[in-house]
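The following exercises are to be worked with the sequence and the coordinates at hand. Each task is followed by a solution in steps.

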Amino acid sequence: MILKAVSQRLKIYSTIQEMRKSTKRFVKKVNCVKFYWPELRKNPSSKILYLVPFLLFDREVTNFTYDISNVEELVSFLSKEFGVSESAITALVQELENDTELRSSLEQRLQRRKDRNKRARYGRRIGWYCITRMMKPSLIVETGTADGLGTAILARALHRNKQEGTAGLLLSFDIIDDAGWLADAAHGSDFRILIEDTKSSLDGHLSGKKVDFFIHDSDHSYAHETLELENVSKYLREGAVIISDNAHASTAMKDFCERRELPFAFYREQPKKHFYPGGGIGLSFYTPRARNNSSNSAR
Ligand SMILES: C[S@@+](CC[C@H](N)C(=O)[O-])C[C@H]1O[C@@H](n2cnc3c(N)ncnc32)[C@H](O)[C@@H]1O
């Protein structure tokens with residue numbers, strides 16, 4: 001009798017806990033919508049349609065994932081900036097899209113979490129994959145691992161590079177203890193997740209090394225992004241690629257590039273079937289003193 005009463009109580013308790021969590025998630029989602037509302041109002045018909053499914057069914061409250069509808073634009077952006085043919089870049093996009101092993105490993109992991117969507121959707125990270133495959137970098141630094149979706153995609157690109165004879169390493173930094181839980185899905189050992197604050201840990205890990213590809217995707221405040229860019233620039237190899245995942249919301253990278261007379265180019269993604277207005281890729285090549293014109297193009 002007592003056991004039954006206790007278990008019934010526990011059931012109610014866990015139901016109440018679940019309801020609390022759902023309510024918290026819903027409030028967070030409403031706050032997200034409020035935050036993006038001024039931008040949504042500019043383009044209501046295509047975006048507002050997705051507000052209700054987001055509020056009612058979407059499991060994500062931050063770092064949204066989605067497919068993008070302007071992959072062709074991404075391809076021509078990369079083609080122009082890297083001087084590589086659109087057909088070669090399209091082949092890399094398809095390589096990632098057709099990588100069923102990666103996708104199913106990611107989705108197996110995602111399905112274990114009630115607070116994540118079940119499908120693996122890469123968004124603008126497709127561009128990160130193509131860049132890694134084109135450049136074959138020896139060292140990539142990603143700041144801001146979060147779940148490790150970008151990390152897994154980058155590590156997968158490194159894994160393929162290694163299979164073709166060019167090995168590389170990815171260092172990904174985050175401050176949350178369980179960051180990077182998706183990254184193993186890449187089935188490669190070419191990455192390290194470092195649970196350390198990039199405010200103080202970059203020098204320790206990069207001293208004596210040359211970075212070929214840097215991705216800022218951590219604390220998106222202007223001051224922090226600037227701190228990372230300034231700090232990492234000491235270790236960038238001539239011609240290294242720099243990306244900011246925050247260039248749609250901040251001028252930190254553009255200003256950094258202007259100060260250093262580096263090129264700057266920007267691509268904005270268009271999320272498919274999602275209310276989020278989309279992030280972007282701020283892109284530069286570390287070519288100090290190499291530029292003497294004011295073109296807005298990276299190459
Ligand atoms: C936008 S998410 C990263 C998304 C990830 N790159 C992806 O592809 O999904 C930002 C992450 O940066 C981390 N972060 C914030 N401040 C940081 C810091 N000072 N050092 C390292 N990581 C930081 C947060 O914990 C969060 O997980």
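**Exercise 1.** Which residues does G239 touch, not counting residues up to four places away in sequence? Establish also where G239 lies and whether it is buried or exposed.

*Solution.* The model is a predicted one.
Step 1. Locate the residue: G239 belongs to strand β5, which covers residues 236-244.
Step 2. List its contacts. With residues up to four places away in sequence left out, G239 touches F285, Y286 and T287.
Step 3. Count the surroundings. There are 12 other C-beta atoms within 10 Å of G239. A residue is classed as exposed if that count is 12 or fewer, so G239 is exposed.
Step 4. Set sequence against space: G239 and C257 are 18 residues apart in sequence, and their C-alpha atoms are 14 Å apart.

**Exercise 2.** Determine which residues come nearest to the ligand and how the shell around it is composed.

*Solution.*
Step 1. The ligand has 19 residues around it, of which G144, A146, G150, S218 and D219 come nearest.
Step 2. Assign the shell to secondary structure: α8 (149-163), β2 (169-174) and α9 (198-206) are the elements that each give two or more residues to it.
Step 3. Sort the shell by residue class: six residues are nonpolar, six are polar and seven are charged.

**Exercise 3.** Describe the largest nonpolar core and the contacts of A152.

*Solution.*
Step 1. The largest nonpolar core comprises 64 residues, and A152, F213 and F214 have the most contacts inside it.
Step 2. Helix α8 gives the most to this core, namely seven residues.
Step 3. With neighbours within four places in sequence set aside, A152 is in contact with L106, L182, A183, A185 and A186.
Step 4. As a general background, nonpolar side chains tend to be buried together in soluble globular proteins.

**Exercise 4.** Characterise the protein chain as a whole, including its domains and its radius of gyration.

*Solution.*
Step 1. The secondary structure consists of eleven helices and seven strands.
Step 2. The radius of gyration is 21 Å, close to the 19 Å that the globule rule gives for 299 residues, so the chain is as compact as a globular protein of that length.
Step 3. The C-alpha trace spans about 80 × 45 × 40 Å along its principal axes.
Step 4. Of the 299 residues, 38% count as buried.
Step 5. Among contacts between residues at least 6 apart in sequence, 72% join residues at least 24 apart.
Step 6. The chain divides into domain 1 (2-42) and domain 2 (71-285), and the centres of domain 1 and domain 2, taken over C-alpha atoms, are 32 Å apart.

How values were computed. Residues are numbered from 1 along each chain as its sequence is written. This is a predicted model: local features need pLDDT of at least 70, side-chain atom pairs count only at pLDDT 80 or more; totals for chains, interfaces and linings use all residues. Domain bounds come from an automatic or database domain assignment. A residue is near a molecule or strand if its C-beta atom, placed from the backbone, lies within 6 Å of it. Helices (H or I, at least four residues) and strands (E, at least two) are DSSP runs, numbered from the N terminus. Ala, Val, Leu, Ile, Met, Phe, Trp, Tyr, Cys and Pro count as nonpolar, Asp, Glu, Lys and Arg as charged, and the others, Gly among them, as polar. A nonpolar core is a set of buried Ala, Val, Leu, Ile, Met, Phe, Trp, Tyr and Cys residues joined through C-beta atoms within 7 Å. A residue is buried if 20 or more other C-beta atoms lie within 10 Å of its own, exposed if 12 or fewer, and partly exposed in between; C-beta atoms are placed from the backbone. Two residues are in contact if their C-beta atoms, placed from the backbone, lie within 7 Å. The radius of gyration is taken over C-alpha atoms; the globule rule is 2.2 Å times the number of residues to the power 0.38.
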